[in-house]
Amino acid sequence: MRSLPVDSERLTTAARGQGVARERPPAGRLRWRNRPQPPRPAVGAWTLARHVRLLENGEDFFPAVFAAIAKARSEVLIETFILFDDDVGRELQSVLIAAASRGVRVAITTDGYGSPDLPDDFVAALTGAGVDFRYFDPRPRLFGYRTNALRRLHRKLVIVDRHHAFVGGINFSLEHLARYGAKAKQDYAVEVQGPIVEHVRALALALLENRRLPRSRPWWRSRAGDPPAGDGGEEIATKLIWRDNDHHRDDIEIHYRWAIRKARHEIVIANAYFFPGYRLMRDLRRAARRGVRVLLILQGRSDQPVASWAARSLYAQLMRAGVQIYEYCRRPLHGKVAVVDGRWSTVGSSNLDPSSLSLNLEANLVFDDHELASDLRRRLQVLVDEHCERIDPGQPPPQPLWRRLAAYLAFHIIRRVPTWDRWLPQREQGAVPAQPPEPTPEPATAEEPPGAADVQSDEPSPPSKCAS
């Protein structure tokens, strides 16, 4: 049989020699599949990290990320739930455009629900410079309301030159800086180097390439386990754990439960949205009953009152088992961190609620290191000592009848959201390239000066006080 002629200019590197014609990606789009790739790491296995640095709030996080991007020479990958067109977002835009202009391959994926209102000119400036800008599962609004609240891209990852990785819960918005005011969020991230960076990069590339990551272990073997023995040097035993809707649906919960069951002295969990499932709740109560000090730092000034009502409905059964509960009152708590026995620690994007544990795409790093765990534990103790109120087990906060009814409804609604989601028609989700805006005629009136809508109020923050 005579073979048809094939245009070699339309063949990718992987397809040449097989006679398979594939269109070249549009100009300015990253050609991830066209470049030769080294063997992929065993993502999800214990590995090593070097130069681990704990970052608290945007004051630590943004300068570190922007400085790393400014020095990038080959590649920048970013995943974020929220990207706003404010001072932080525009500074990120600036460093990404500068990196792309140097020939650095830049890809950023933001969530279609978390970042629904980015101006077209903001995105066009990035794509025009050669940045691969994508939305995860964007959906049109219905009567002005967002309809894609479930199964979101909630991870916050930054990978630079396969050398630096940043993982945590901090979005790219002004809300993570103290100058935002009383609603500025308290949160954490980590900067890592070493072999663990390849694991984080593989996770980000899997989303860009719409590719599933395999199980880190066979299904009959436990996904959690003891880390390898370290040499006591600068390298730290580290593991990337993530949640997806394929092979890793409960990995993060499994690792939390493993650490809680192994605890012998102390468990400290600081989590923004605390509404775990029955098994994790049971493990916490059992740990407290066997003499482990279990300390929970939860939101006292929540930015989502319904979630706070649901969490408070769990207080009584936890405190009866001996769990200590503190509410952080200075500003909204957005952190998702934990320390167990002064050695095991985790930092990442996953809350302990049905959305994070059963629906969203999440990512955490787990560490086995005394020094890092002590640093995180010390910072959490500062919150407890200076900005928290302990919930008295003998005198729970008084609540009016309507609030108790609302908490009861919130408890059962939030608990059943993952079950209801399984009944709904499932759609294919992925990272979709941003579409260029349609050209519009020039307006007849003068344009508003840029940035006028972003002026922040100079009013002083109200005094810190937890809601009852």
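Histidine 154 sits in the loop between strand E4 (132-136) and strand E5, and this residue is a convenient place to enter the structure, which is a predicted model. With a relative accessibility of 9%, histidine 154 counts as buried, because the limit for that class is under 20%. Apart from its neighbours within four places in sequence, histidine 154 is in contact with Phe81, Lys336, Ser349, Asn351, Ser356, Asn360, Leu361 and Glu362. One of these partners, Glu362, belongs to strand E14, to which the description returns below.

A wider view helps to place this residue. The protein holds 11 helices and 16 strands, and buried residues make up 51% of its 468 residues. Among the contacts in the protein with a separation of 6 or more, 81% are between residues 24 or more positions apart.

Following the chain onward from histidine 154 leads to strand E5 (residues 157-160), which is joined to strand E6 by 4 bridges, the two strands running antiparallel. Within this pairing, valine 158 has phenylalanine 166 of E6 as its bridge partner. The hairpin of E5 and E6 has 3 residues between the strands, and in this hairpin aspartate 161 takes a positive phi near 55°. Most residues other than glycine have a negative phi. Aspartate 161, which lies in the loop between E5 and E6, has a relative accessibility of 22% and therefore counts as partly exposed.

Strand E6 (residues 164-168) also pairs on to another strand: 4 bridges join E6 to strand E7 (residues 188-193), again in an antiparallel arrangement. Here valine 167 stands opposite valine 190 of E7. How many of the residues of E6 are buried? The count is 5 of the 5 residues, so the strand is largely enclosed by the rest of the structure. His164, Phe166 and Gly168 point one way from E6, while Ala165 and Val167 point the other way, and the residues of both groups are buried.

A comparable description can be given for strand E14 (residues 362-368), where 7 of the 7 residues are buried, so that this strand too is largely enclosed by the rest of the structure. From E14, Glu362, Asn364, Val366 and Asp368 point one way and Ala363, Leu365 and Phe367 the other, and all of them are buried. Strand E8 pairs with E14 in the antiparallel sense over 7 bridges, and in that pairing lysine 239 has valine 366 of E14 as its bridge partner. Strand E13 (residues 344-348) is likewise joined to E14, by 5 bridges and in an antiparallel arrangement, with glycine 348 standing opposite asparagine 364.

Another residue with a positive phi is found in the loop between helix H4 (196-208) and strand E8 (236-243), where asparagine 210 lies. Phi of asparagine 210 is near 50°, a positive value in a residue other than glycine. At 56% relative accessibility, asparagine 210 counts as exposed, because that class begins over 50%.

The helices can be approached through the way in which they pack. Two packed helices are described by the angle between their axes and the distance between the axes. Helix H2 (residues 87-101) packs with helix H3 (residues 120-128) at an angle of about 20°, and their axes are 9 Å apart. H2 is therefore roughly parallel to H3, since angles under 35 degrees count as such. H2 passes H3 in a left-handed crossing, and the contact is made by Gly89, Arg90, Gln93, Leu96 and Ile97 of H2 together with Phe122, Ala125 and Leu126 of H3. By class, the residues of this contact divide into 5 nonpolar, 2 polar and 1 charged.

A further helix pair is formed by H5 (residues 251-262) and H6 (residues 278-289), whose axes come within 9 Å and cross at roughly 15°. H5 and H6 are therefore roughly parallel to each other, and H5 passes H6 in a left-handed crossing. In this contact, Glu253, Tyr256, Arg257, Ile260 and Arg261 of H5 meet Arg279, Leu280, Arg282, Asp283, Leu284 and Ala287 of H6. The contact of H5 with H6 has 5 nonpolar and 6 charged residues, and no polar ones.

Definitions and conventions. Residues are numbered from 1 along each chain as its sequence is written. This is a predicted model: local features need pLDDT of at least 70, side-chain atom pairs count only at pLDDT 80 or more; totals for chains, interfaces and linings use all residues. Side-chain values use heavy atoms; hydrogens and water are left out. Buried means under 20% relative accessible area, exposed over 50%, partly exposed in between (1.4 Å probe, protein chains only). Two strands pair if DSSP finds at least two bridges between them. Axes are lines fitted to C-alpha atoms, for helices over the stretch in contact, and angles run from 0 to 180 degrees between N-to-C directions. Angles under 35 degrees count as roughly parallel, over 145 as roughly antiparallel, 65 to 115 as roughly perpendicular and the rest as oblique. A crossing is left-handed if the near helix is turned anticlockwise from the far one by less than a right angle, and right-handed if clockwise. Contact means heavy atoms within 4.5 Å. Ala, Val, Leu, Ile, Met, Phe, Trp, Tyr, Cys and Pro count as nonpolar, Asp, Glu, Lys and Arg as charged, and the others, Gly among them, as polar.
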